[in-house]
Amino acid sequence: MKRTRIEPADVAARDNLARAAHQAARGKRGRPEVRAFFDRFDERLEGLGASIRAGSMPAGGYRAFVIHDPKRRVIHAASFEDRVFHHALMNLAGPVLDRALTSATYACRPGMGHHAAVRRVQEHLQRYPWYVLIDIDAYFDSIDQALLLGLLERRFKGKGLLDTIARILQSYQTRPGRGLPIGALTSQHFANYYLDGLDRLLQERLTTRAYVRYMDDCIWWCDTRDEAMATLSRVCAYLADERRLLVKDHPRINRSSHGVTFCGYRILPGAIRLSPRKRQRYRQRRRFWEDAYRLGIIDSLQLQRAYAAVHAITDHADSVSWRRENLRRHPAMEV
């Protein structure tokens, strides 16, 4: 396997850092630490580049906060300077990892994403009779850092880069030697690559007809229930032995004709519907913005824009009838 060499000096190149800074600032320009960085842009880029070349990045430390989307997740946000560094690194390393992945994985990849995954799942539901759906227990928290570093060493060479990756991994732990912070750009790419071996097992070595993965949500198809049970047993053993991961209790084996919930949608062979989670989020966000308008926090124009954003939650689903019924029961505010 040919490995790619990326030098710290390549990561620290000014044009790469400038690009990374604008990527990291997208949607966050109003935040004080972002404004402070751009107020002294050249100076900050020069200092960041020197730190990368000296091997002292990332600075480390994360700000933790909780979101409910709808289930509870603890997000760990790095400092803005570290986020710029993460973008600069993944501008170079990300395409290498992307090329290593199979066409069956859809998370964090240009031109793919969860809507493409949903459409592919529907296509396979129409063609193959049985599916198996799993996700992994506490996936990000359970990733073995030493094992991950060993996998990355198969793709990259150069002591400087590998030492940098090791520092990124060591900057966060859920327990000794385990875990990646949800919310970091590097975590998304590393976690996606961590299951590449599972992709190849299911696509090349087991009796499966089709396969789709979105991060740690995995679904594959078989011709019979017995084949589905056999592949599930092999997958659970592989994840435990080769990746030190556990599949969540109650994996689902079912007929494709019954449909499946995946990536926030209820997918049937002939329709894509909103999952209960998506419907709940739609109702919550609508109430949130209408309350903000009622209290005078936003004006009518902002409310109209908010309605458009709320409507986007229902995109890519056959949701017209449901939205009409929701509006009938809860009419939109007059502005």
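A charge is said to sit over a ring if NZ of Lys or CZ of Arg is within 6 Å of the ring centre and within 35 degrees of the ring normal. With that in mind, let's walk through this predicted model, starting at Arg29. The charged end of Arg29 sits over the ring of Phe38, at 4.2 Å from the ring's centre. A similar arrangement can be found at Arg243, whose charged end sits over the ring of Tyr194, 5.7 Å from its centre.

Phe38 also leads us to its aromatic companions. Ring pairs join Phe38 with Phe37, Phe41 and Phe80 in a cluster. In total, the structure holds seven aromatic pairs. One of them is formed by Phe37 and Phe80, whose rings meet edge-to-face, 5.2 Å centre to centre and with 75° between the planes. Phe37 belongs to helix H3 (residues 32-39) and Phe80 to helix H5 (residues 80-100), so this pair ties together parts that are 43 residues apart in sequence. Both Phe37 and Phe80 are buried.

For another pair, turn to Phe288 and Trp289. Their ring centres lie 5.0 Å apart and their planes are at 85°, so this pair, too, is edge-to-face. Here the residues are partly exposed: Phe288 has a relative accessible area of 42%, and Trp289 has one of 26%.

Now let's move to the nonpolar cores. The largest of them has 73 residues, and those touching the most other members are Tyr139, Phe190, Leu198, Trp220 and Leu239. Helix H5, which we met through Phe80, gives the most to this core, with 10 residues. What is Leu239 in contact with, leaving aside its neighbours within four places in sequence? The answer is Ile134, Ile136, Leu195, Leu198, Arg244, Leu245 and Val247. There is also a second, separate core of 25 residues, with Val212, Ile219, Tyr265 and Trp322 among them.

Our last stop is helix H8, which covers residues 145-153. At the N-terminal end of H8, Asp144 acts as a cap, with a side-chain oxygen 3.1 Å from the backbone nitrogen of Ala146. Which residues of this helix are buried? They are Gln145, Leu147, Leu148, Leu149, Leu151 and Leu152. And what do these buried residues pack against? Their partners are H5, strand S5 (156-157), helix H9 (159-170), helix H10 (185-194) and helix H12 (225-242). That brings us back to H5, the helix that gives the most residues to the largest core.

Terms used: Residues are numbered from 1 along each chain as its sequence is written. This is a predicted model: local features need pLDDT of at least 70, side-chain atom pairs count only at pLDDT 80 or more; totals for chains, interfaces and linings use all residues. Side-chain values use heavy atoms; hydrogens and water are left out. Rings of Phe, Tyr and Trp (its six-membered ring) pair if their centres lie within 6.5 Å; planes under 30 degrees apart count as stacked, over 60 as edge-to-face and the rest as tilted. Helices (H or I, at least four residues) and strands (E, at least two) are DSSP runs, numbered from the N terminus. Buried means under 20% relative accessible area, exposed over 50%, partly exposed in between (1.4 Å probe, protein chains only). A nonpolar core is a set of buried Ala, Val, Leu, Ile, Met, Phe, Trp, Tyr and Cys residues joined through side-chain atoms within 4.5 Å. Contact means heavy atoms within 4.5 Å. A polar contact is a pair of N or O atoms within 3.5 Å; within protein, one must be able to donate a hydrogen and the other to accept it, and residues adjacent in sequence count only if both atoms are side-chain atoms.
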